[in-house]
Amino acid sequence: MLLSELLTKLTCGDLEGEELDDAVAAITEAPSAPRDEWIDSDAQAYAVEMLSQLAGHMASSDKLDELHEQIQDMFDEFPDFPYALLKDSGGSALPYFEWLDTELAQRAVDEGGYELIQIDGNGTDEMDALVVYRRDTNDIIQAAALMGVTIGRPLTYYRGIEAMVGKRPF
């Protein structure tokens with residue numbers, strides 16, 4: 001998959017024309033002129049530049065409710081953050097991501113629904129997340145991996161955490 005196709009899928013087609021061409025050029029050139037001095041690999045340079053180029057299409061926060069507000073802003077109508085759902089979760093974020101996955105799957109049904117993905121590599125505790133067409137997720141993850149960029153599903157990640165540590169006591 002070409003980088004332009006990857007960026008198109010990461011933005012559900014919102015990035016196009018000259019803006020897409022500029023993003024492709026910036027990401028392609030990133031290893032030769034890293035954005036920050038802590039970047040020590042081509043993969044990190046690609047990830048950081050990709051995050052920069054996609055900033056206007058992404059939700060980014062270290063707090064779930066703030067991340068949710070940004071996701072909510074992406075839609076005309078979207079439910080508020082489910083505080084009650086997390087009240088009894090014992091500190092686990094899994095119930096939120098399961099709830100969010102169900103909500104996103106119910107939108108853009110002609111396109112197979114939406115899914116939340118996360119790009120790793122910003123060097124902070126913030127989650128950088130994109131809402132993409134569910135049908136494109138596997139292709140996105142594989143294409144990014146060829147560049148050394150890690151993209152994952154937060155839902156899968158938190159299910160893995162729960163499987164490792166079990167349910168937290170209340």
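Which residues are buried in H8? In this predicted model, the buried residues of the helix are Pro-154, Leu-155 and Glu-162. Around the axis they cover an arc of only 100 degrees, which puts them on the same side of H8. On the other side of H8 lie Ala-163 and Met-164, and these two are exposed. The helix itself runs over residues 154-165, twelve in number, and reaches 17 Å from its first C-alpha to its last, close to the 16 Å expected at 1.5 Å a residue. The cover over the buried residues of H8 includes helix H6 (94-105) along with E2, E3 and E4.

Those strands lead to the sheet. It is an open sheet of four strands in the order E1-E3-E2-E4, with antiparallel pairing. Strand E1 (59-61) and strand E4 (151-152) form its edges, as each pairs on one side only. Strand E2 (residues 114-119) and strand E3 (residues 127-133) are joined in the antiparallel sense over five bridges, and here Ile-117 stands opposite Leu-130 in E3. Helix H4 (residues 64-72) packs on the sheet, where it touches E1, E2 and E3. The direction of H4 makes about 165 degrees with that of E1.

A further helix to consider is H2, which spans residues 17-29. With 13 residues, H2 reaches 19 Å between its first and last C-alpha, close to the 18 Å expected at 1.5 Å a residue. Its buried residues are Leu-20, Ala-23 and Ile-27. Seen down the axis of H2, the buried residues fall within an arc of 60 degrees, so they line one face of the helix. Glu-18 and Asp-21, on the other side of H2, are exposed. The partners against which the buried residues of H2 pack are helix H1 (3-10) and helix H3 (42-53).

The packing of H1 with H2 can be described in further detail. Two packed helices are described by the angle between their axes and the distance between the axes. For H1 and H2, the axes come within 10 Å and cross at roughly 115 degrees, and the crossing is right-handed. From H1, the residues that take part in the contact are Leu-3, Ser-4, Leu-7 and Thr-8. On the H2 side they meet Leu-20, Ala-23, Val-24, Ile-27 and Thr-28. Leu-20, Ala-23 and Ile-27, the buried residues of H2 named above, are thus among the residues that meet H1.

Key: Residues are numbered from 1 along each chain as its sequence is written. This is a predicted model: local features need pLDDT of at least 70, side-chain atom pairs count only at pLDDT 80 or more; totals for chains, interfaces and linings use all residues. Side-chain values use heavy atoms; hydrogens and water are left out. The expected span of a helix is 1.5 Å times one less than its number of residues. Buried means under 20% relative accessible area, exposed over 50%, partly exposed in between (1.4 Å probe, protein chains only). The arc is that of the directions from the helix axis to the C-beta atoms. Contact means heavy atoms within 4.5 Å. Two strands pair if DSSP finds at least two bridges between them. Axes are lines fitted to C-alpha atoms, for helices over the stretch in contact, and angles run from 0 to 180 degrees between N-to-C directions. A crossing is left-handed if the near helix is turned anticlockwise from the far one by less than a right angle, and right-handed if clockwise.
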